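User: Could you walk me through this fold? I'd like to go from the overall picture down to a few odd residues.

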Amino acid sequence: MVTVSFDDVQAAAARLDGVARRTPVLTSRTLNALVGAEVFIKCENFQRVGAFKFRGAYNAAAQLSPEQLARGIAAYSSGNHAQATALAARELGSRAVILMPEDAPQSKSEATIGYGAEVVTYDRYTQDRTALGRALAEERGLALIPPYDHPHVIAGQGTAALELLKETGALDALIVPVGGGGLIAGSAVAAKALHPAIQVVGVEPAEGDDTKRSLESGERVSIPVPRTIADGQALPTPGELTFAINRRLVDAIALVGDEEIVEAMRFAFERLKIVLEPSGASALAALLAGHVPGPPRRIGVIASGGNIDTRRFTELTGR
């Protein structure tokens, strides 16, 4: 099976240099005191398109042939990979057609269209987006860039952890949100190569624990499409390639409830002065809620995105 190496992550970093943003790493004495550890937050909410997804989408799109770019790019996504692929296509002089769920956040759909993409919708609860996405790409002759189960996408996502660890030095643990598993797979490849003893902890919504169940059973497990505020993590099955990497390199999976995610969003807004969407706050939520064993002495947290509109943010945090 194709896999992803540390060399691939380093090559992606070189490809993204000057294109993706080198996002800031925040620290907070208040947060350190609350959890009893030194915490470093990698703020991918400040990445282009507002989420880490631009790293993987651009790394994959930049390796397409001129002929493929001329025909165009297809993707399927609940929002952040959609925006990322749309922007990557625009940056490379191509075009994008994106399959998005009908109930995707309006702000994400509008942003995807704003980057120049065509959006096609589907029902995430009754239709198979992978099959639909493949059919769409084949029908229109487009190059398909999936949201996580692709070696170039995984390598690109791993550059977030690579940057974090180059800035902080050795960490005892790295906490990463898990949806399809691309971010944590790439992050684990980078982290374990740089610091083999680091503990890599994934975080899933309690209602969407497909990766946790899969790692415990030793094979990919499917669950009903989860209903959670963390729309970027509402997936029924881990990716094939991401699972193969994560079963080797991920040490534990923590689960967080929707209310714990909301509390982390509030904390990030009030104390760190940053806006996080639910999926982007889940790793911080696990740490604040005490779901990370220990905790270790020095901890990295990836805040994966901040794509949420004012109405939804106030609706969730104002309860």
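Here are some questions and answers on this predicted model.

User: What secondary structure does the protein chain have, and what is its radius of gyration?
Analyst: It's a mix of 14 helices and ten strands. For 319 residues the globule rule gives 20 Å, and the chain comes out close to that, so it is as compact as a globular protein of that length. The radius of gyration is 18 Å.

User: How much of the protein chain is buried?
Analyst: The C-alpha trace spans about 55 × 45 × 40 Å along its principal axes. The accessible surface is about 12600 Å², with 48% of that belonging to carbon and sulfur atoms. Of the 319 residues, the buried share is 58%.

User: Among contacts between residues at least 6 apart in sequence, what share joins residues at least 24 apart?
Analyst: Here a contact means heavy atoms within 4.5 Å. Leaving aside pairs less than 6 apart in sequence, the share joining residues at least 24 apart is 72%.

User: How far apart are the mean positions of the positive and negative charges?
Analyst: The protein chain carries 32 positive and 36 negative charges. Take the mean position of each set, and the separation is 4 Å.

User: In what order do the six strands of the open sheet run, and which are the edge strands?
Analyst: The pairing in this open sheet is mixed, and the order is 1-2-10-7-8-9. An edge strand pairs on one side only. That makes the edges strand 1 (25-26) and strand 9 (252-256).

User: In what sense do strand 1 and strand 2 pair, and which residue of strand 2 does Leu26 stand opposite?
Analyst: Strands of a sheet pair through backbone hydrogen bonds, either parallel or antiparallel. Strand 1 and strand 2 (residues 38-43) go antiparallel, over two bridges. Opposite Leu26 in strand 2 you'll find Ile41.

User: Which residue of strand 10 is the bridge partner of Val39, and which is the partner of Ala173?
Analyst: Strand 2 and strand 10 run parallel, joined by six bridges. Strand 7 (residues 173-177) also pairs with strand 10 in the parallel sense, over three bridges. Val39 has Ile299 as its partner, and the strand 10 partner of Ala173 is likewise Ile299.

User: Is strand 10 buried or exposed, and which residues cover its faces?
Analyst: Six of the six residues of strand 10 (residues 298-303) are buried, so the strand is largely enclosed by the rest of the structure. In a regular strand the side chains alternate between the two faces of the sheet. Both faces of strand 10 are covered, and the buried residues are Arg298, Gly300 and Ile302 on one side, with Ile299, Val301 and Ala303 on the other.

User: Is Arg266 buried or exposed, and which residues does Arg266 touch?
Analyst: Arg266 is in helix 12 (residues 258-272). Its relative accessible area is 15%, and the cut-off is under 20%, so Arg266 counts as buried. Not counting residues up to four places away in sequence, Arg266 touches Leu316, Thr317 and Arg319.

User: What phi does Val49 have, and is Val49 buried or exposed?
Analyst: Most residues other than glycine have a negative phi. Val49 isn't a glycine, yet its phi is positive, about 65 degrees. Val49 lies in the loop between strand 2 and helix 3 (53-61). At 7% relative accessibility, Val49 is buried.

User: And Lys273: what is its phi, and is Lys273 buried or exposed?
Analyst: Lys273 has a positive phi of about 65 degrees and is not a glycine either. You'll find Lys273 in the loop between helix 12 and helix 13 (278-288). With 64% relative accessibility, Lys273 is exposed.

Terms used: Residues are numbered from 1 along each chain as its sequence is written. This is a predicted model: local features need pLDDT of at least 70, side-chain atom pairs count only at pLDDT 80 or more; totals for chains, interfaces and linings use all residues. Side-chain values use heavy atoms; hydrogens and water are left out. Helices (H or I, at least four residues) and strands (E, at least two) are DSSP runs, numbered from the N terminus. The radius of gyration is taken over C-alpha atoms; the globule rule is 2.2 Å times the number of residues to the power 0.38. Buried means under 20% relative accessible area, exposed over 50%, partly exposed in between (1.4 Å probe, protein chains only). Accessible areas come from the Shrake-Rupley method with a 1.4 Å probe; for residues, only the protein chains shown count as cover. Lys and Arg count as positive and Asp and Glu as negative; His and the chain ends are not counted. The place of a charge is taken as NZ of Lys, CZ of Arg, CG of Asp or CD of Glu. Two strands pair if DSSP finds at least two bridges between them.
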